[in-house]
Amino acid sequence: MNKRLKFSNSLVSLVLSGVKVSTWRLWDDKNLLTGDVIDFIEHGTNKHFATAKLLKVIEKPMGQFTNEDKEGHEKFNNDNEMYETYTRYYGKKVNSETPVKIIWFKLV
């Protein structure tokens with residue numbers, strides 16, 4: 001059985017259209033690795049909407065992201081908006097020290 005990643009429904013069309021080609025995951029409990037084939041699931045409906053291969057996976061604190069790290073991901077107006085968004089997603093406080101897995105993927 002493939003590992004699974006959930007995406008909010010507002011991101012599904014961005015993934016399917018190829019606009020979104022990376023995702024950020026905090027507190028990775030799935031041991032996501034380069035080369036993994038992952039099922040993408042719509043959060044809320046639990047509907048499978050795509051399968052993807054992980055092309056590159058790196059981990060670093062959110063405050064050390066470069067512009068390259070942010071390529072292919074939805075944009076935020078500033079770092080505070082980014083931290084607040086991920087605090088909401090995970091229900092835990094997120095800040096510049098929070099380690100994040102940056103995951104680039106390709107739909108298969």
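## Working through cores, charges and rings

Leaving aside neighbours within four places in sequence, Phe49 touches Phe7, Val12, Val15, Leu16, Phe40, Ile41 and Glu42, where contact means heavy atoms within 4.5 Å. The model is predicted, so local features need pLDDT of at least 70, side-chain atom pairs count only at pLDDT 80 or more, and totals for chains, interfaces and linings use all residues. Residues are numbered from 1 along each chain as its sequence is written, and side-chain values use heavy atoms, with hydrogens and water left out.

**Exercise 1. Find which residues have the most contacts inside the largest nonpolar core, and which element gives the most to this core.**

Step 1. A nonpolar core is a set of buried Ala, Val, Leu, Ile, Met, Phe, Trp, Tyr and Cys residues joined through side-chain atoms within 4.5 Å. Buried means under 20% relative accessible area, exposed over 50%, and partly exposed in between (1.4 Å probe, protein chains only).

Step 2. The largest core has 15 residues, and Phe7, Phe40, Phe49 and Leu54 have the most contacts inside it.

Step 3. Two or more residues each come from β1 (3-7), α1, β3, β4 and β5 (99-107); helices (H or I, at least four residues) and strands (E, at least two) are DSSP runs, numbered from the N terminus. Strand β4 gives the most, with 5 residues.

Step 4. A second, separate core of 12 residues includes Trp24, Met62, Phe65 and Val94.

**Exercise 2. Glu42 is a contact of Phe49. Work out which side chain of opposite charge is nearest to Glu42.**

Step 1. Place the residue: Glu42 belongs to strand β3 (residues 37-42).

Step 2. List its contacts, again without neighbours within four places in sequence: Phe7, Asn9, Val12, Lys47 and Phe49.

Step 3. Look for a partner. Lys and Arg count as positive and Asp and Glu as negative, while His and the chain ends are not counted. A salt bridge is a side-chain nitrogen of Lys or Arg within 4 Å of a carboxyl oxygen of Asp or Glu. The nearest candidate is Lys47, 4.5 Å away, and Glu42 is buried with no salt bridge.

**Exercise 3. Compare the salt bridges Lys20–Glu74 and Glu68–Lys56: are their residues buried or exposed?**

Step 1. The structure holds 7 salt bridges. Lys20 and Glu74 form one of them, at 2.6 Å from N to O. Lys20 lies in the loop between α1 (9-17) and β2 (22-26) and Glu74 in the loop between α2 (67-70) and α3, so this pair ties together parts 54 residues apart in sequence.

Step 2. Lys20 is buried at 2% relative accessibility, and Glu74 is buried at 17%.

Step 3. Glu68 and Lys56 meet at 4.0 Å, N to O. This pair joins helix α2, home of Glu68, to strand β4 (residues 47-61), home of Lys56, 12 residues apart. Glu68 is exposed at 55%, whereas Lys56 is partly exposed at 36%.

Step 4. Lys56 also lies over the face of Trp104, 4.9 Å from the ring centre; the rule asks for NZ of Lys or CZ of Arg within 6 Å of the ring centre and within 35 degrees of the ring normal.

**Exercise 4. Decide how the rings of Tyr86 and Tyr90 are arranged.**

Step 1. Rings of Phe, Tyr and Trp (its six-membered ring) pair if their centres lie within 6.5 Å; planes under 30 degrees apart count as stacked, over 60 as edge-to-face and the rest as tilted. The count comes to 12 aromatic pairs.

Step 2. Tyr86 and Tyr90 are stacked, with 6.4 Å between centres and 20° between planes.

Step 3. The two sit 4 residues apart in helix α3 (residues 79-90), so about one helical turn separates them. Tyr86 is buried at 2%, while Tyr90 is partly exposed at 29%.
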